[in-house]
Each structure stands twice: as C-alpha cells, then as structure tokens.
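This report goes through one protein model, from its strands to its surface. Please have the sequence at hand while reading.

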Amino acid sequence: LKKLGGLVYMLSLWFYFLIHGHEYDLIHVHQALHPAFVSVLVAKQFLGKPVIVKTASSGITSDIKQLKQVPLGNFQLRYLLRNMECLVAVSNAGGKEFNDIGFPESQIVHIPNGVVLPHDRKANYGQVKRVITTARLSKEKGIDILLKAWARVVRQEKGLKLIIVGDGP
C-alpha cells in the first residue's frame, strides 16, 4: 500500500507540474528523493525550468541511502546527479556525500540549518519562559546535545522550560 501511495503521489506531482509548471520560474524541492526525481524530470524535459534540490539529511538517514533502498532508486539518483542545477546542503557532510558520488562541488551550495550565536556577549532571554523543539527523536537530530546545552542554560536562567515534541527511537 505504501509503494502504491508513493506511485500515486509521484504521478499526481507529474500531472500538477504539466498543468501548472508554466506558472513557475524555478522549482525548489526539499529532499533528494522521489519528488525531486519527478520534479527534475518534468521541469527539464517538458518545461525547460531549472530545479534546485535541498538535501535533508546525511549519514544513516541520508537522502542517497533512502533513495537507493527503493525500486529504481539508483536510476533516479543517477538522473538527479546529471540534471540538477544546484544542490543545497544543510551540512558539510551532506554536501560531501553528493560530491563523493559524482555531483560537482561547484554546484553545491552550503546553507546550514543552525543559528550562530554571538560569542562575545550573553544572550538576553527577556520574556522567554518556554523553548520548544519539534524533531524526530533519533541520534542525528542531536537531542542529546540539546539536553546538555539546556542543563547549562537553566543554571544561568531559572524558570525556563524546555518542551521536546517528537517520536522515534
């Protein structure tokens, strides 16, 4: 049922782009998975539009590993490598994984997800009372690092509350 749902989604995305593709100048896809393959295929072959793909993950849950695990995944990955204009990597590891399998470094743009905090002054928390994070509770999401950092924060700022929303191992 899951595979059938994936196929229906890919076909509906294909038809959507064929009908509405002229309304866009650029296609931007999050995750280098099936929707990226369909988007690049339709945009390049039928619409003449550029496509930017953002890789979502690296390591054990990388887009590359996920795509290779599905039927025709290796074909889809090879097609993406040959036809994407640009890959946005949210980590150096994610960009390196694509470079290691043949995607040109010159077409990889690194835009990290994180926020850089200033080192020269203490942050003013003002009226902040609660901090919430929503994430899949798995190793690569770094919840363990968040908890260690949070222990330091609450030693300095009493009365703050951390809320973690998610599911996973």
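Which residue in E2 is the bridge partner of Val29? The partner is Val53. The model is a predicted one, and the values below are computed from it.

**Strands**

Strand E1 covers residues 27-30, and its side chains alternate between two faces. Ile27 and Val29 point to one face and are buried, while His28 and His30 point to the other face and are not buried. In general, side chains in a regular strand alternate between the two faces of the sheet.

E1 pairs with strand E2, residues 51-55, in the parallel sense, and 4 bridges join the two. Besides the pair of Val29 and Val53, His28 stands opposite Ile52 of E2. Of the 5 residues in E2, 4 are buried, which leaves the strand mostly covered.

E2 also runs parallel to strand E3, residues 86-89, and 4 bridges join these two strands. Val53 of E2 stands opposite Leu87 in E3. Val53 therefore has a partner in E1, namely Val29, and one in E3, namely Leu87, under the bridge assignment used for pairing strands.

Between E1 and E2 in the unit they form comes helix H2, residues 34-47; E1, H2 and E2 make a β-α-β unit that is right-handed.

**Loop residues with positive phi**

Gln31 lies in the loop between E1 and H2. Gln31 is not a glycine, yet its phi is positive, at about 85°. Its relative accessibility is 31%, so Gln31 counts as partly exposed.

Leu72 is a second case: its phi is near 65°, again a positive value in a residue other than glycine. Leu72 lies in the loop between helix H3 (63-68) and helix H4 (73-83). With a relative accessibility of 64%, Leu72 counts as exposed, because the cut-off for exposed is over 50%.

**Salt bridges**

How many salt bridges does the structure hold? There are 3, listed here with the N to O separation.

| Salt bridge | N to O separation |
|---|---|
| Lys44 and Glu85 | 2.5 Å |
| Asp100 and Lys96 | 2.8 Å |
| Lys139 and Asp144 | 3.6 Å |

Side chains of opposite charge can pair when their charged atoms come close.

Lys44 forms a salt bridge with Glu85. Lys44 lies in helix H2 and Glu85 in the loop between H4 and E3, so this pair ties together parts that are 41 residues apart in sequence. Lys44 has a relative accessibility of 30% and so counts as partly exposed. Glu85, at 30%, also counts as partly exposed.

Asp100 and Lys96 both lie in helix H5, residues 92-100, and are 4 residues apart, about one turn of the helix. Asp100 is exposed, because its relative accessible area is 52%.

In the salt bridge of Lys139 and Asp144, Lys139 is exposed, with a relative accessible area of 66%. Asp144 has a relative accessibility of 31% and counts as partly exposed.

**Arg136**

Arg136 lies in the loop between strand E5 (130-134) and helix H6 (143-156). At 39% relative accessibility, Arg136 counts as partly exposed. Which residues is Arg136 in contact with, leaving aside its neighbours within four places in sequence? They are Thr61, Lys141 and Asp167. Arg136 and Ile164 are 28 residues apart along the chain, and their C-alpha atoms are separated by 9.9 Å.

**Nonpolar surface patch**

A nonpolar patch of about 800 Å² lies on the surface. Its members are Leu4, Leu7, Val8, Leu11, Phe15, Leu18, Ile19 and Phe46. Which helix gives the largest share of the patch? Helix H1, residues 2-20, does, with 7 residues.

Leu4 is one of the patch residues, and its place is in H1. Leu4 has a relative accessibility of 52% and so counts as exposed.

Note on methods
Residues numbered from 1 in each chain as written. Predicted model: local features only at pLDDT ≥ 70, side-chain atom pairs only at ≥ 80, totals over all residues. Heavy atoms only, no water. Patch = residues over 30% accessible without salt bridge, like charges linked within 9 Å, V, L, I, M, F, W, Y side chains within 5 Å. Areas by Shrake-Rupley, 256 points an atom, 1.4 Å probe, with all protein chains shown as cover. Salt bridge = Lys/Arg side-chain N within 4 Å of Asp/Glu carboxyl O. Buried < 20%, exposed > 50% of the residue type's maximum accessible area, 1.4 Å probe, protein only. Right-handed = clockwise from strand over helix to strand, strands pointing away. Contact = heavy atoms within 4.5 Å.
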